[in-house]
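Dear colleague,

I am handing over the structure we spoke about, and below it you will find an account of what turned up when I went through it. Please read the notes with the structure open beside them.

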Amino acid sequence: VFYRPWLDEDMQLRASLAQDLRQAIELGQFEAYYQPQVNIQTGEVDGFESLLRWNHPIHGDVSPAKFIPIAESNGLICSLGHWILRESCRQAKLWIDEGLDIRKMSVNVSIAQIRQARFELEVEQILLDTRLASSVLCLEITESLFADTSLSRVQTVLESLKGVGVKLAIDDFGTGYASLSFLPCLCQRHWRQRRQTPPAQGHD
């Protein structure tokens, strides 16, 4: 067995990030970046996708590839998901009030959030608090959700969100988990093939 110092460093960094993650939201270390989404038919920007970034005071910009798995393992992913959802809705409403034509704000939703008993009510409350029209919000879910979560629970959430006018998009579509029986539940549905996480862009 060969000793690899970089493994120890990686484990130490992971432990440090796990400890700091619990206070990062309260300390305002997270930031939402917004990536334009372009309509391939018209070439016009028809929406934005929010991207979560962590500005760590010591380690600098921490990649989501590092902190998202940590948040999933220690139970903080729902808190992060709630923060980015609320912040994205707030920003979209602010831009609309400033006169910008914001037709869609896409936000990634974790499997853990869907499993929460009151998730759909949480979404409705955020829309009420931020006064954002439900038709502007688009929640992106991964196709693996259909394999990792109770199908009845998924159907309940999708039908509830459809009922209030929220758009839905299936990310990584084509991996073979989604049942065609769920297609009627998807309002203004969008399919997104597996893609690499794009570089972050700032916002005003």
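Before the first finding a cut-off is needed: a residue is called buried when its relative accessible area is under 20%, exposed when it is over 50%, and partly exposed in between. Please also keep in mind throughout that this is a predicted model.

With that cut-off in hand, strand E6 (residues 167-171) can be described as largely enclosed by the rest of the structure, because 5 of its 5 residues are buried. In a regular strand the side chains alternate between the two faces of the sheet. In E6, Lys167, Ala169 and Asp171 point one way while Leu168 and Ile170 point the other way, and all of them are buried. The strand has a parallel partner in E5 (residues 137-142), to which it is joined over 5 bridges, and within this pairing Cys138 is the residue that stands opposite Lys167 of E6.

As for the chain as a whole, it contains 7 helices and 7 strands, which follow one another along the sequence in the pattern α-β-β-β-α-α-β-α-α-β-α-α-β-β. Of its 204 residues, 41% are buried, and the accessible surface comes to about 11500 Å², with carbon and sulfur atoms contributing 52% of that area. Among the contacts with a separation of 6 or more, 69% are made by residues that are 24 or more positions apart.

I then turned to the charged pairs. Side chains of opposite charge can pair when their charged atoms come close. The structure holds 4 salt bridges, and three of these are worth setting out here, namely those of Arg86 with Asp129, Lys93 with Asp97 and Asp101 with Arg103.

In the pair formed by Arg86 and Asp129, the closest N and O atoms are 3.1 Å apart. Arg86 belongs to helix H3 (residues 77-97) and Asp129 to helix H5 (residues 119-130), so this salt bridge ties together parts that are 43 residues apart in sequence. Both partners are partly exposed, Arg86 with a relative accessible area of 29% and Asp129 with 42%.

The salt bridge between Lys93 and Asp97, whose closest N and O atoms are 3.2 Å apart, lies within helix H3, where the two residues are 4 positions apart and hence separated by about one helical turn. Lys93 counts as buried, since its relative accessibility is 18%. In the pair of Asp101 and Arg103 the closest N and O atoms are 3.1 Å apart; here Asp101 is exposed at 56% relative accessibility, whereas Arg103, at 43%, is partly exposed.

One last site that you may wish to look at is Gln29, which sits in the loop between helix H1 (5-24) and strand E1 (30-38). Although Gln29 is a loop residue, it is buried, with a relative accessible area of 13%. Its side chain makes a polar contact with the side chain of Trp54 at 2.9 Å. When neighbours within four places in sequence are left aside, the residues in contact with Gln29 are Ala24, Arg53, Trp54, Asn55 and Pro57.

With best wishes

Key: Residues numbered from 1 in each chain as written. Predicted model: local features only at pLDDT ≥ 70, side-chain atom pairs only at ≥ 80, totals over all residues. Heavy atoms only, no water. Buried < 20%, exposed > 50% of the residue type's maximum accessible area, 1.4 Å probe, protein only. Contact = heavy atoms within 4.5 Å. Areas by Shrake-Rupley, 256 points an atom, 1.4 Å probe, with all protein chains shown as cover. Polar contact = N/O pair within 3.5 Å; in protein donor to acceptor, adjacent residues only side chain to side chain. Salt bridge = Lys/Arg side-chain N within 4 Å of Asp/Glu carboxyl O. Pairing = 2+ DSSP bridges.
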